[in-house]
Amino acid sequence: MPVSGIRGAHNIRLGSHLCLFYRRPQEYLQVTASFLKAGIVKNEFCVWVLPPPLTIAFALDELLYCGLNGPRLQATKQLKIMSAEDWWFSNGALDMGRSLSRLAALPSMARHLGYERVRLAGGPGPFTSEEGRQAFMTYERRATAVIAESPVIALCGYASTECVETAMFDIMSAHPQALLRTHAGWVNI
């Protein structure tokens, strides 16, 4: 089983679709960079989808802090970094078909580049409407089915400060596993 790279959450099996609730954008960057570093070390194809207000510059700084050369990893195509807007949304609306197709194509793209597995970390950012949140939860449920049949580990981050209790329940129900922060690190539930 692949190593998670997250303190407290050890091995995660392929086909896993996890969520985590973070408190601050810096926490999201730290956890996801560590998660992706574990994949880079194991020669996995890694994709990082950044929720607003995070930028590629912030992500590259965090990778450097973890001892990784982000620009080199991007140049060798082992790492792809993009915004949530570019990955999931078109003109501010979720493009579910395009997003699911892109997700399903990742294992083939990885194999073409010489990698056997995919590690994906991302987050949509704040939802502007209840309808948008519900649509994204539909996407997450469909993504779970795609990921379960693929050599992929996906970690989706949600800002806990943006979530009301019903949203947290919906997010957790759309992901078979969740990572919760404890004093000892993150635990997989």
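The following dialogue works through the sheet and the helix packing of a predicted model.

Student: What makes β5 and β11 the edges of the sheet?

Tutor: The open sheet has seven strands in the order β5-β4-β8-β9-β3-β10-β11, with mixed pairing. β5 (79–83) and β11 (185–188) each have a single partner strand, so one side of each lacks a neighbour in the sheet. From one strand to the next, the twist averages 20 degrees.

Student: How do you know that β3 and β10 are paired?

Tutor: Pairing requires at least two bridges between the strands. Strand β3 (residues 16–22) and strand β10 (residues 177–182) are joined by three bridges, so they count as paired, and they run parallel. Within this pair, cysteine 19 stands opposite alanine 178 in β10.

Student: Which helix packs on the sheet, and which strands does that helix touch?

Tutor: Helix α1 (residues 25–41) does, touching β3, β4 (45–50), β8 (118–122), β9 (152–159), β10 and β11. The direction of α1 makes about 170 degrees with that of β4. Angles over 145 degrees count as roughly antiparallel, so α1 and β4 fall in that class.

Student: Why are the buried residues of α2 said to lie on the same side?

Tutor: In helix α2 (residues 56–65), the residues Ala59, Leu60, Glu62 and Leu63 are buried. They cover an arc of only 160 degrees around the axis, which puts them on the same side of α2. Asp61, Leu64 and Tyr65 are exposed, on the face turned away from the buried side. The buried residues pack against α1, β4, α3 (70–75) and β5. After α2 comes glycine 67, with a positive phi near 90 degrees.

Student: Why are α5 and α6 called roughly parallel?

Tutor: Helix α5 (residues 96–113) and helix α6 (residues 130–148) pack at an angle of about 25 degrees, with axes 10 Å apart. The cut-off for roughly parallel is under 35 degrees, and α5 and α6 therefore qualify. The contact includes Leu100 and Leu103 of α5 and Tyr139 and Val146 of α6. The crossing of α5 past α6 is right-handed.

Student: What makes α6 and α7 roughly parallel to each other?

Tutor: The axes of α6 and helix α7 (residues 165–174) cross at roughly 20 degrees and come within 8 Å. An angle under 35 degrees counts as roughly parallel, so α6 and α7 belong to that class. Here too the crossing is right-handed, with α6 passing α7. Among the residues that meet are Met137 and Arg141 in α6, and Asp170 and Ile171 in α7.

Technical notes: Residues numbered from 1 in each chain as written. Predicted model: local features only at pLDDT ≥ 70, side-chain atom pairs only at ≥ 80, totals over all residues. Heavy atoms only, no water. Helix = DSSP H or I, 4+ residues; strand = E, 2+ residues; numbered from the N terminus. Axes fitted to C-alpha atoms, helices over the stretch in contact; angles between N-to-C directions. Contact = heavy atoms within 4.5 Å. Buried < 20%, exposed > 50% of the residue type's maximum accessible area, 1.4 Å probe, protein only. Arc of directions from axis to C-beta. Parallel < 35°, antiparallel > 145°, perpendicular 65-115°, else oblique. Left-handed = near helix turned anticlockwise from the far one by under 90°.
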